[in-house]
Amino acid sequence: MSEQRDLTIHGQWSSRWTFVLAAAGSAVGLGNIWKFPYITGENGGGAFVLVYLICIAMIGLPIMMAEIMIGRRGRHSPINTMRILSRKEGASPHWKYIGWMGVIAGFLILSYYSVIAGWAMAYVFRAGSGEFVGASAEQIGAIFSNLTESPARLLGWHTLFIAITMIVVARGVKSGLEQAVRFLMPALFVILILLVGYAMTTDSFVRGLHFLFDPDFSKITGAGVLIAMGHAFFTLSLGMGAIMVYGSYMPQSASIASTAMIIVAADTLVALMAGMAIFPIVFANGLEPSAGPGLIFQTLPVAFGRMPGGVFFGTLFFVLLVFAAWTSSISLIEPAVAWLVENHGMTRVTASVWAGAATWLVGLGTIFSFNEWAGFTLFGKTFFDLLDFLTANIMLPLGGLLIALYAAWVMGRRSSRDELAMGRPALFGMWHVCLRYVAPAAVTIVFLNAIGVVGA
Ligand code: TRP
């Protein structure tokens, strides 16, 4: 019977470590290094970070375990996994719509993720040509606006990034990806240590730490709490089936709980280090923490422009950032491609071309929202802001809520205990309670609270 369960048409990871690497590669990305610092800056710092950390521990970790578990039991793309498991558990086939929402969310996220990854690509060349050397914060700000104000340049990088993503996706889960993650992630980590080291040499290091870790609850709003929670899903790649799909390629023998713990810890560490590197530089240069999506592109180059070997480290940093974005993008589009292969009989290559072309097209909206359409806003949000809000703060938490309910209420206790095989019953009990009550209640309260704020 277990042989039957091990079958998947997409192949299987060669070991538990491959799964860890792939899932960590998915989790660690622009969300940690680009998004976490800028939304922390926009939402006042410490209190926001604390809420984010609580969401990671109480909602993120248990839901990550649930996603891996469901994926490994179903062994298909999220849509078909949900359909197959629901049939087995005697539940409604409508649960497959979780899979559907995930496919759409991943697809929409990739459309703007790719544009930002394009900025990082452009910066590889800016850093490499020595433009940052000795540049002031204003000069670096000008380099950034020059880039974002040019639709043609953004389009070129966006196109290139989608292309390299779809090439890897077309080749399948096992080739390429493993190697990339094995070497590049540790390298990224080392460069972050270096950047934190540089931040320590500025006179604002302590101020930066205070901003990040000293909670001032007067600065956080209901909307801020929603953004912190949404980001917990976003940064861990949860709520849309990415981790579920990777879980479906996971060997039956690997432990889900400890694997999830490693991924969550690594992801959180990278985000906090990025914050510790960036905010001291922000304050030391009189920049605004609330500068928005351009924050890291306006601050880190200042550091690279001043440190010894900055051209080398700066170039390397942006190369690694592009790789981190790349390993994340692959997981954003994998559910869509896996589904096209399973249900429409397409080859991986054809499926990748279609999915890539469609995402590319939606990405044009984000490109123009930084220049030609910057003036068009709805509820004070540009196209990019709206898309980000809709996906990260609504679709992912909603998907996560449904996944939690499914894993804890619909799937039999025996099935989940079997699949998790945690050994210690107390730990399993804690997980079950978290997933049954704590996580769903928390997500619901945060949603209601945020709506209340909007209505007030
Ligand atoms: N977690 C990635 C990051 O932080 C982005 C990402 C990859 C993602 N796959 C995902 C977000 C699936 C949500 C869902 O950069």
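Three cavities of 30 Å³ or more are found when the whole structure, a predicted model, is searched. The largest cavity has a volume of about 140 Å³, and the space it represents is the one taken by the ligand.

The lining of the largest cavity comprises 19 residues. Those nearest its centre are Ser26, Tyr113, Phe234, Ser237 and Leu332. By residue class, this lining holds eleven nonpolar and eight polar residues, with no charged residue among them. At least two lining residues come from each of α2, α3, α6, α11 and α15.

Around the ligand itself there are 17 residues, and the closest are Gly31, Tyr113, Phe234, Ser237 and Ser331. This shell consists of nine nonpolar and eight polar residues, and again no charged residue occurs.

Polar contacts of the ligand include the following.

| Protein residue | Protein atom | Ligand atom | Distance |
|---|---|---|---|
| Gly31 | polar backbone atom | oxygen | 2.7 Å |
| Ser331 | side-chain N or O atom | nitrogen | 3.0 Å |
| Thr235 | backbone N or O atom | nitrogen | 3.2 Å |

On its own the ligand has 360 Å² of accessible area, and the protein covers 100% of this area. The elements giving two or more residues to the shell around the ligand are α2 (16-27), α3 (30-42), α6 (96-128), α11 (222-235) and α15 (310-344).

These contacts can be placed on the helices. Gly31, with its backbone contact to a ligand oxygen atom at 2.7 Å, falls within the range of α3 (30-42). Thr235, whose backbone lies 3.2 Å from a ligand nitrogen atom, falls within α11 (222-235). Ser331, which approaches a ligand nitrogen atom to 3.0 Å through its side chain, falls within α15 (310-344).

How values were computed:
Residues numbered from 1 in each chain as written. Predicted model: local features only at pLDDT ≥ 70, side-chain atom pairs only at ≥ 80, totals over all residues. Heavy atoms only, no water. Near = heavy atom within 4 Å. Polar contact = N/O pair within 3.5 Å; in protein donor to acceptor, adjacent residues only side chain to side chain. Areas by Shrake-Rupley, 256 points an atom, 1.4 Å probe, with all protein chains shown as cover. 1 Å grid on protein atoms, 1.4 Å probe; cavity = no way out; pocket = protein on both sides within 12 Å on 5 of 7 lines; lining within 4 Å. Sits in = over half its atoms within 2 Å of the grid points. Helix = DSSP H or I, 4+ residues; strand = E, 2+ residues; numbered from the N terminus. Nonpolar A, V, L, I, M, F, W, Y, C, P; charged D, E, K, R; others polar. Points joined across faces, edges and corners; volume = space filled by probe spheres on them.
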